[in-house]
Amino acid sequence: MRKFIIGTLAAAGMAASTAALAAGGDQQITDVDWSWEGIFGSYDHAQLRRGFQVYREICGNCHSMNLIYYRNLQQIGLTEDQVKEVAAEKEVEDGPNDDGEMFMRPALPSDHFVAPFPNDQAARVANNGALPPDLSLMTKARLKGPDYVYSLMTGYQDPPEGVEVAEGMNYNVAFPGHQIAMAPQIFDEMVTYEDGTQATADQITKDVVAFLNWAAEPELEQRKSMGLKTMLFLIVLTAMFFALKRRIWAAVH
Amino acid sequence: MSGHTFQNKAIRWIDERMPIFTVMQHSAIDYPTPKNLNYWWNFGSLALFVLVIMLMTGIFLAMSYTPHVDYAFTSVERIMRDVNYGWLLRYLHMNGASMFFIVVYIHIFRGLYYGSYKAPRELLWWLGIVILLVMMATAFMGYVLPWGQMSFWGATVITNLFSAIPLVGEDIVTWLWGGFSVDNPTLNRFFALHYLLPFVLVAVVFLHLWALHTTKSGNPLGIDVKGPQDTIPFHPYYTIKDLFGVGVFLLFYLFFVFYAPNFFGEPDNYIPANPLVTPPHIVPEWYFLPFYAILRAVPDKLGGVVLMFGSILILFALPWLDRSRVRSARFRPIYKQVFWLFLIDCIVLGYIGAKPPEGAFITIGRIATAYYFAHFLIVMPLLGRLEKPRPVPQSISAPVLKPAAATAQMEKV
């Protein structure tokens, strides 16, 4: 047993040390209590809808979410008609039609989120040379993803004494290297929530991080509920195996 | 193979034409197993269990995966999002790889502690090392398939190792890649091989089991089975014990699958591969870290590659490097300490492998690498000569049945 525990700890230690390495040391990451953490964690669907509103009104102007379909929004509580309405705001190229022509049509629930720019180059030109990354997997693609994104969005500060910030860059305590091309985006009352939630910058940030985490891990709720049932079943099964083992072996000992 | 008559007529009909049921009766039911195996002996059957899980999840994943640089990443995300229970298949497979290595590493250290590599089990040990090597190749190629940043750069770093071979190195790398960089042909062949190698693994596991059933299992005392009083039939004793082990293992494995599925992974691998952007730190999966540390301990590229492969190949010579006639560390007072030292050394190497090669990490890495080889080349041969083993019991049944009498016997010896 001792070796097993040591082995497990070693594996955990290695994973953790790799992780610490990737964090790059001096990034200031705030640990936020998210509703989906822990064994019983789940999403607050009202928060996900608010987060989608933030993405739609703010982030989505520059950042794509290429892996998400409009139809996926039904999972966070939008009705079928609402989804159709949201999709129809954007246009996608389709075709060829009977005349062999490509044409534009309103997006459908079966389309992916329409990207704000036609290609990476266009995105760079519009953003001072920097490429706004796709957000579909953002919270999984960064260490402590949700905390990182929250810290990044709220991490803008005046540079400390003696730190030169390059032209067109902004000082941010959470970003590796502390210089980020994206300007601060979230301020109090930037959005108006229909459900009456106070739209503080902190609340807006948390809501959009929740939405991004749902986008990255849409299976999370199903995974955790299946996990609980599976673990309970396995505990009982393993206990029965153990009892049976003791009984069969009683004669040998 | 003879002598067993089955009641069921259909079974008897088949068995007379091909003795498949006799073989099963012989190898999985009556198979005489030492009665004193402890829980460390569970890890062999656990490894087979994980292999089967990997095969089954892998085959279903392959049905929805596209091995093309433009589609690989999105096809994996499609599995995660749109394939029914695709996330479960993929997380089982991904974490299953880590579990496979945890289980197999414990199995190997079990062998080291109890001297399972010694005569007459050298061939069994060798086949085990072949399994480890095939496993490593399979895991490496599997990690490339999602075509994330770590997939791409890991593949680039590891395949580049072969360029250290004098004269033909560069040509070999081009040949491995199927081009002049890691690209679509590389991904295609890695997928083909990642699908093929597990079946090679099954074949070598079969040989491993064949060798096992010829020499029979060792045991914690490291002494030979003296007669039927020392053994019990595999079924029901070890079938139920292994099942209990599977239950405990599943609790551990599925905890990660359901609650921390990306614990063993790298966040960077959720960024699509980009040949133009190198990640700040390229790290292999945790199970390769000790070998990665050995690779980087040597300032010379070829030297590093030779030592890295040497660190596994040296295991082939272990049955002859260890001169002690006593198998189990239980009766080897010094080796017992040395074993733990070696395990700690491997863990230190793993830790160093995850760190950037700078400052004290380099020095520690070099010392740990030197000790790794010294363990096999100096400590083991010397111990065989210098160590005075404690007396071993006369038989397995003696200490198991009558502890007091066994101690008396041991004192007499």
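I take buried to mean under 20% relative accessible area, exposed to mean over 50%, and partly exposed to mean anything in between. The model I am reading is a predicted one, and I keep that in mind throughout these entries.

**Entry: the nonpolar patch**

I looked up I39(A) against those cut-offs and found a relative accessibility of 39%, so I39(A) counts as partly exposed. I then placed I39(A) in chain A, where it sits in the loop between α1 (2-23) and α2 (45-57). I39(A) belongs to a nonpolar surface patch that it forms with F40(A), L228(A), L232(A), I235(A) and F255(B), and I noted about 590 Å² of accessible area for these residues together. When I asked which element gives the patch its largest share, I found helix α7 (residues 220-249) of chain A, with three residues.

**Entry: chain B as a whole**

For chain B I recorded 16 helices and two strands. Its radius of gyration is 24 Å, close to the 22 Å that the globule rule gives for 413 residues, and I therefore describe chain B as being as compact as a globular protein of that length. I also noted the span of the C-alpha trace of chain B along its principal axes, which is about 70 × 60 × 45 Å.

On burial, I found that 53% of the 413 residues in chain B are buried. The area that chain B exposes comes to about 19,100 Å², and carbon and sulfur atoms supply 70% of it. I checked contacts in chain B as well: taking those between residues at least 6 apart in sequence, 79% join residues at least 24 apart.

**Entry: nonpolar cores**

In soluble globular proteins, nonpolar side chains tend to be buried together. With that in mind I looked up the largest nonpolar core, which holds 131 residues, and asked which members touch the most others: these are F100(B), F101(B), Y105(B), L112(B), Y253(B), L254(B) and Y335(B). Helix α5 (residues 86-113) of chain B contributes the largest share of this core, 17 residues. I followed F101(B) further and, leaving aside residues up to four places away in sequence, I found that F101(B) touches L132(B), M135(B), M136(B), A139(B), W286(B) and Y287(B). Apart from this core lies another, of 47 residues, and I noted I58(A), L78(A), A199(A) and I204(A) among them.

**Entry: salt bridges**

My search of the whole structure over all chains gave 16 salt bridges. I looked at E89(A) and R56(A), whose closest N and O atoms are 2.3 Å apart. This pair links distant parts of the chain, since E89(A) is in the loop between α3 (80-88) and β1 (91-94) of chain A while R56(A) is in helix α2 of chain A, 33 residues apart. E89(A) is partly exposed at a relative accessible area of 47%, and R56(A) is partly exposed at 37%.

I next took E219(A) and R223(A), whose side chains meet in a salt bridge at 2.9 Å, N to O. Here E219(A) counts as buried at 5% relative accessibility, and R223(A) is buried with a relative accessible area of 2%.

In chain B, the side chains of E387(B) and R332(B) meet in a salt bridge at 2.8 Å, N to O. E387(B) lies in the loop between α14 (360-386) and α15 (397-401) and R332(B) in the loop between α12 (301-321) and α13 (333-353), so the pair ties together parts that are 55 residues apart in sequence. I found both E387(B) and R332(B) to be buried, and I closed the entry by noting that K118(B), D322(B), R332(B) and E387(B) are linked in a network of salt bridges.

Technical notes: Residues are numbered from 1 along each chain as its sequence is written. Chains are lettered from A and ligands numbered from 1 in the order in which they are written. This is a predicted model: local features need pLDDT of at least 70, side-chain atom pairs count only at pLDDT 80 or more; totals for chains, interfaces and linings use all residues. Side-chain values use heavy atoms; hydrogens and water are left out. Patches are made of residues with over 30% relative accessible area and no salt bridge: like charges are joined within 9 Å, nonpolar side chains (Val, Leu, Ile, Met, Phe, Trp, Tyr) within 5 Å. Accessible areas come from the Shrake-Rupley method with a 1.4 Å probe; for residues, only the protein chains shown count as cover. A salt bridge is a side-chain nitrogen of Lys or Arg within 4 Å of a carboxyl oxygen of Asp or Glu. Helices (H or I, at least four residues) and strands (E, at least two) are DSSP runs, numbered from the N terminus. Buried means under 20% relative accessible area, exposed over 50%, partly exposed in between (1.4 Å probe, protein chains only). The radius of gyration is taken over C-alpha atoms; the globule rule is 2.2 Å times the number of residues to the power 0.38. Contact means heavy atoms within 4.5 Å. A nonpolar core is a set of buried Ala, Val, Leu, Ile, Met, Phe, Trp, Tyr and Cys residues joined through side-chain atoms within 4.5 Å.
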